[in-house]
Amino acid sequence: MGKVRALLCKQYGEPDQLRLEEIQRPRLGSNEVRIKVHACGVNFPDILMIRGQYQIKPALPFAPGCEVAGTILEVGEAVQDYCKDDRVIAIPGFGGMQEEITIAASKCLLIPRKADLDLAAVFSLTYGTSYHALVDRANVRPGETIVILGATGGVGSAAVDISRKLGARVIAAGSSDKKLEDLASFYQGITTVNYSSGEATFKDRVKNLTNNRGADVVFDPIGGEIFQQSLRAVNWKARILVVGFAADGKNLPRAPTNLLLLKGSALVGVYWGRFAEEEPERSRENFDQLLFWLQRNGLTPHISHRFPLEKGGDAVKALINRQVLGKCLVYM
């Protein structure tokens, strides 16, 4: 069978404990494809998984890595939709930081011919989540104003990119002036707000930017105190998207229901993983649209850091230390 290199988590802990080793080449099932991994996107669940804090706990040892892009080397005997040399995105959940993976063909997406493999490698989780939030859950319309919290992170920057494509006005909010400046340079035409600085409240700053109307949509993967402030910075019939709780996953914020009543606003949960399980056909349609835009340069994921496989632990550390703008990847 031969061997391949893999970056392994052999005990729960921090990225410095990840080890590059050779493992047996994974076996190929009849409904699976074998992929030569080009690159693996690095995501927040990777941090939780190697610490043993994620809801999914793979048996040790395992390679982190939720999403990859690469080229099919071989297909199982029952696979009909893919063939050798097809370029695909795959969403294994874990195991992406190794040179080859085998995965069910149903968990793959064909990469358009002109799309860049690096961009494809960081695309599925953040863009899948953000598109589901903005289109399926919020029904964002052209001309609406959307406030995106945590806009310099992976899912936040994807929301910025997609919102621009949908014709919305974007107010990108974050806590780093430098990152916000770089984000605005990359995604032209957006407005930025640093919610950790300034004398005016976040609500007042959003109101000042919207002629006192407030935001039509709030995209919130952060939670914490800024969530409370955003409830007061919305327009009539606003949609407030609860995407995550990066600020504090243990002490979850509570929404004063009187604020929802007074603004006629809706608090909307976003759980892309469950959506993809419950509505797989709709999820695939979403990706058809996203990949169509990606191929035509209508979307441009921002990748600030690239690391070789042997430095994959540094990639995870960069995410932990908030050095990343948008996404980082590990290449093979």
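In which sense, parallel or antiparallel, do strand β8 (residues 145-148) and β11 pair, and over how many bridges? In this predicted model, the two strands pair in the parallel sense over three bridges, and Val-147 has Val-218 of β11 as its bridge partner. In general, the strands of a sheet pair through backbone hydrogen bonds, either parallel or antiparallel. The pairing of β8 with β11 belongs to an open sheet of six strands, arranged in the order β10-β9-β8-β11-β12-β13, in which the pairing is parallel. The edges of this sheet are occupied by β10 (191-194) and β13 (266-269), each of which has a single partner strand, so that one side of each is left without a neighbour in the sheet. From one strand to the next, the twist averages 20°.

On the side of β10, strand β9 (residues 169-174) runs parallel to β10 and is joined to it by four bridges, with Thr-192 in β10 serving as the bridge partner of Ala-172. Helix α4 packs on the sheet, where it touches β8, β9 and β11, and its direction makes about 165° with that of β8. Strand β11 (residues 215-220) is mostly covered, since six of its six residues are buried. Besides its pairing with β8, β11 pairs with strand β12 (residues 234-242), again in the parallel sense and over five bridges; here the bridge partner of Val-217 is Arg-239 in β12. Together with helix α7 (residues 224-230), the strands β11 and β12 make a right-handed β-α-β unit.

The loop between α6 (202-209) and β11 contains Thr-210 and also Asn-212, and the two residues differ in their accessibility. Thr-210 is buried, with a relative accessible area of 6%, and, when neighbours within four places in sequence are left aside, it is in contact with Thr-145, Arg-169 and Ile-171. Asn-212, by contrast, is exposed, with a relative accessible area of 58%, and its phi is near 70°, a positive value in a residue other than glycine.

A further region of interest is the helix pair α3 and α10. Helix α3 (residues 124-137) and helix α10 (residues 280-295) have axes that come within 10 Å and cross at roughly 110°, and the two helices are therefore roughly perpendicular to each other. On the α3 side, the contact is made by Ser-124, Tyr-127, Gly-128, Tyr-131, His-132, Val-135 and Asp-136, which meet Arg-282, Asn-286, Phe-287, Gln-289, Leu-290 and Trp-293 in α10. Sorted by class, the residues of this contact comprise six nonpolar, five polar and two charged ones. Eleven of the 14 residues of α3 are buried, so this helix is largely enclosed by the rest of the structure; among the buried residues are Tyr-127, Gly-128, Tyr-131 and His-132, which also take part in the contact with α10. The helix is followed by Asn-139, whose phi is positive, near 50°.

Tyr-127 of α3 is also touched by Asp-161, a residue of helix α4 (residues 154-165). Asp-161 is buried, with a relative accessible area of 1%, and, not counting residues up to four places away in sequence, its contacts are Tyr-127, Tyr-187, Gly-298, Leu-299, Thr-300 and Pro-301. Although Asp-161 and Leu-299 lie 138 residues apart along the chain, their C-alpha atoms are separated by 6.2 Å.

Thr-300, one of the residues touched by Asp-161, is found in the loop between α10 and β14 (303-308). Thr-300 is partly exposed, with a relative accessible area of 32%, and its contacts, leaving aside neighbours within four places in sequence, are Tyr-127, Asp-161, Phe-186 and Tyr-187. From Thr-300 to Arg-205, 95 residues apart in sequence, the distance in space is 28 Å, C-alpha to C-alpha. The loop between α10 and β14 also holds Asn-297, which counts as exposed at 66% relative accessibility and has a phi near 60°, a positive value in a residue other than glycine.

Most residues other than glycine have a negative phi, and most peptide bonds are trans. In this model, a cis peptide bond joins Leu-60 and Pro-61, with omega about -10°, and Pro-61 lies in the loop between α1 (44-50) and β4 (67-75).

Key. Residues are numbered from 1 along each chain as its sequence is written. This is a predicted model: local features need pLDDT of at least 70, side-chain atom pairs count only at pLDDT 80 or more; totals for chains, interfaces and linings use all residues. Side-chain values use heavy atoms; hydrogens and water are left out. Axes are lines fitted to C-alpha atoms, for helices over the stretch in contact, and angles run from 0 to 180 degrees between N-to-C directions. Angles under 35 degrees count as roughly parallel, over 145 as roughly antiparallel, 65 to 115 as roughly perpendicular and the rest as oblique. Contact means heavy atoms within 4.5 Å. Ala, Val, Leu, Ile, Met, Phe, Trp, Tyr, Cys and Pro count as nonpolar, Asp, Glu, Lys and Arg as charged, and the others, Gly among them, as polar. Buried means under 20% relative accessible area, exposed over 50%, partly exposed in between (1.4 Å probe, protein chains only). Two strands pair if DSSP finds at least two bridges between them. A crossover is right-handed if, with the strands pointing away from the viewer, the path from the first strand over the helix to the second runs clockwise.
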